[in-house]
Amino acid sequence: MRVENVRKIIQGKVLLDSITIHLEEGKQLAIFGESGSGKTLIYKMLSSAVLPTSGSLSFFGRDLLRYPRVKEKIGYISQDYFHYPYLSVSGLLALYNSFYRVVNKEVCIKYLDFFKIGLKSTISELDKRQH
C-alpha cells in the first residue's frame with residue numbers, strides 16, 4: 001500500500017497534510033491517535049468513500065481511485081460500535097457483505113459458535129454481556 005503526499009482540505013480547513021505511508025506486501029498497519037487526528041479520514045480515503053484533495057493512494061500497485069474493488073482487501077475495526085445497536089449479528093454480516101462481498105459465512109459461524117454468539121443477538125445485547 002502506498003499513500004503519497006495525501007492532503008485533504010474541506011471548506012478551507014486542512015484536515016490532512018502531506019500524509020505518506022509505505023506498507024510492504026504481507027505487512028499490517030494499525031493507525032492510532034487522538035480523536036479528530038484523521039484516522040477515520042485516512043480509512044475513508046483508502047476505502048474510496050472520501051477523495052483526497054491531492055496526492056495518490058495505491059494498493060497492490062493499483063490506483064484506488066481507478067480500481068475501487070481493491071478496497072475489499074482493507075479491514076477496519078472501529079473503536080465505537082454504536083452505529084447499529086439494534087441490528088442483529090446476522091444483519092450486520094449481511095450489511096458488511098453488501099459492501100465488501102468477502103465475508104466467509106462458514107468462518108463467521110465457526111467464530112460465533114466459539115464465542116457463543118447467536119446470529120439473532122443484537123449489538124446492544126452483546127454489549128450488555130460485557131458489563
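**Entry 1: Leu92.** I began with Leu92, which I located in helix H2, a helix covering residues 89-100. I note here that the model is predicted. I then asked whether Leu92 is buried or exposed. Its relative accessible area is 19%, and because buried means under 20%, I recorded Leu92 as buried. Next I looked up which residues Leu92 touches, leaving aside those up to four places away in sequence. I found Tyr84, Leu87 and Ile123. I also looked up the distance from Leu92 to Thr122: their C-alpha atoms are separated by 9.0 Å, and the two residues stand 30 residues apart along the chain.

**Entry 2: the hairpin.** I turned to strand S1 (residues 2-10) and strand S2 (residues 13-22). How many bridges join them? I recorded six, with the strands running antiparallel. For Ile10, I found that the bridge partner in S2 is Lys13. S1 and S2 form a hairpin, and two residues lie between them. In the turn I noted Gln11, which has a positive phi of about 50°.

**Entry 3: aromatic rings.** I searched for aromatic pairs and found one in the structure. Phe114 and Phe115 form this pair, with 4.9 Å centre to centre and 90° between the planes. Because planes over 60 degrees apart count as edge-to-face, I entered the pair of Phe114 and Phe115 as edge-to-face. I then checked the accessibility of both residues. Phe114 is exposed, at a relative accessible area of 60%, and Phe115 is exposed as well, at 53%.

**Entry 4: a charge over a ring.** Lastly, I looked at Tyr111. The charged end of Lys110 sits over the Tyr111 ring, 5.7 Å from the ring's centre.

Note on methods: Residues numbered from 1 in each chain as written. Predicted model: local features only at pLDDT ≥ 70, side-chain atom pairs only at ≥ 80, totals over all residues. Heavy atoms only, no water. Phe/Tyr/Trp six-rings, centres within 6.5 Å; stacked < 30°, edge-to-face > 60°. Buried < 20%, exposed > 50% of the residue type's maximum accessible area, 1.4 Å probe, protein only. Lys NZ or Arg CZ within 6 Å of the ring centre and 35° of its normal. Pairing = 2+ DSSP bridges. Helix = DSSP H or I, 4+ residues; strand = E, 2+ residues; numbered from the N terminus. Contact = heavy atoms within 4.5 Å.
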